[in-house]
Amino acid sequence: MEYRHLGRAGIRVSELSFGSWVTFSNQADVKAAADMMSAAYEAGVNFFDNAEVYAGGKSEEVMGAALKKLGWRRGSYLVSTKFYWGLFDTVNERNTLNRKRLLEGINGSLQRLQLEYVDLIFCHRPDPFTPIEETVWAMHNIIEQGKAFYWGTSEWAAADIVQAIEIADKHHLHKPVMEQPQYNLFERARFGKEYTRLYQEYGYGSTTWSPLASGLLSGKYNSGIPKDSRASLKSYSWLRKQMTDQDKLARVKALEPIAKELGCTLAQLSIAWCLKNPFVSTVITGASRVEQVHENMKATEVAPKLTPEIMERIDRIFGIEKEEDEE
Ligand code: NDP
């Protein structure tokens, strides 16, 4: 496992990390979560991603209990959480990044995680109704209170991120240092284009999500929706449209010969492809069982095999050449 700087920040994250969306509490209890986290940690993972909204707060509870059970030295790992959607249905607690919500939100997360501090906090989505300046001050204050060390954004427009950085600069506040964008073979427009200036000029880091497009890129949906898969979960039925999209499935199938040539699985190939991007600080992987963690961690061995020629072949499968020709 290699460790990459989170952009220009001093902290380093394992190139593969592990997140709890969908899985913790819905598919994995404390024991299963601890087993998966342990498999990831053994492989060198030092960053575990979470959010207050995951499983309505229960994902943080499960991770907190798992960490307690695992008993790792606190300095050896990083934990994150994120705020925006909230857990309570009142006017100031839903879909917001207002100061009160953020300063109260962190306390709830720390309680559920049974931690004195988290390492990274994210604004999970932009809030067009709260001034960016208010959010920047609140995130700065959380860091000054010692409840987190670094803060960042998730799926914000590049222009809003630049504004946040400039506000922080002007007032000598802690700046946001990383984005959490979706990035996989199907979803690369924002990461690849919109954010380029952020990485190059502002040294922004990135913790990218859904490297397998929720499992689609593992090939498991090639002949229908397996019973024990994410898309079969009742509350994630909205994923079924994507998992049965014939155009997408054809592209996944077209990757098979490349995976075969490299002697790896489709999941490993797809995760390794994300790792090839130098602006990726860490690829957050997800898993519902320990075998998947073992398999996915080996993507680090596949990444060096992705030569420019293979990357071009992959790009052609996903229509990238065509897109550039049209510009
Ligand atoms: P993936 O796209 O990699 O999907 C993970 C899921 O795919 C697993 O839970 C499992 O589902 C299936 N899977 C994983 N590995 C394999 C394998 N080797 N073979 C077959 N199936 C496999 O990642 P996630 O969508 O889970 O995202 C990763 C993390 O990113 C999240 O946990 C979260 O921390 C973060 N995230 C952040 C978001 C944001 O807005 N900031 C949004 C979404 C995620 P199953 O077995 O159930 O089919």
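**Close-up 1. Residues joining helix α2 to helix α3 in the predicted model.** From α2, the contact residues are E60, E61, M63 and G64. They meet S109, R112 and L113 of α3. By class, the residues of this contact divide into three charged, two polar and two nonpolar.

**Close-up 2. Crossing of helices α2 and α3.** Two packed helices are described by the distance between their axes and the angle between them. Here, α2 spans residues 58–70 and α3 spans residues 99–113. Their axes come within 7 Å. The crossing angle is roughly 45°, which means α2 is oblique to α3.

**Close-up 3. Surroundings of the ligand.** The ligand is surrounded by 35 residues. D49, S210, S214, K220 and S288 are the closest.

**Close-up 4. Polar contacts of the ligand with G19, D49 and Q180.** D49 places a polar side-chain atom 2.5 Å from an oxygen atom of the ligand. G19 uses its backbone: an N or O atom there lies 3.3 Å from a ligand oxygen atom. In the side chain of Q180, an N or O atom is 3.0 Å from a nitrogen atom of the ligand. The ligand exposes 910 Å² when taken alone, and the protein buries 96% of that.

Technical notes
Residues are numbered from 1 along each chain as its sequence is written. This is a predicted model: local features need pLDDT of at least 70, side-chain atom pairs count only at pLDDT 80 or more; totals for chains, interfaces and linings use all residues. Side-chain values use heavy atoms; hydrogens and water are left out. Axes are lines fitted to C-alpha atoms, for helices over the stretch in contact, and angles run from 0 to 180 degrees between N-to-C directions. Helices (H or I, at least four residues) and strands (E, at least two) are DSSP runs, numbered from the N terminus. Angles under 35 degrees count as roughly parallel, over 145 as roughly antiparallel, 65 to 115 as roughly perpendicular and the rest as oblique. Contact means heavy atoms within 4.5 Å. Ala, Val, Leu, Ile, Met, Phe, Trp, Tyr, Cys and Pro count as nonpolar, Asp, Glu, Lys and Arg as charged, and the others, Gly among them, as polar. A residue is near a molecule or strand if one of its heavy atoms lies within 4 Å of it. A polar contact is a pair of N or O atoms within 3.5 Å; within protein, one must be able to donate a hydrogen and the other to accept it, and residues adjacent in sequence count only if both atoms are side-chain atoms. Accessible areas come from the Shrake-Rupley method with a 1.4 Å probe; for residues, only the protein chains shown count as cover.
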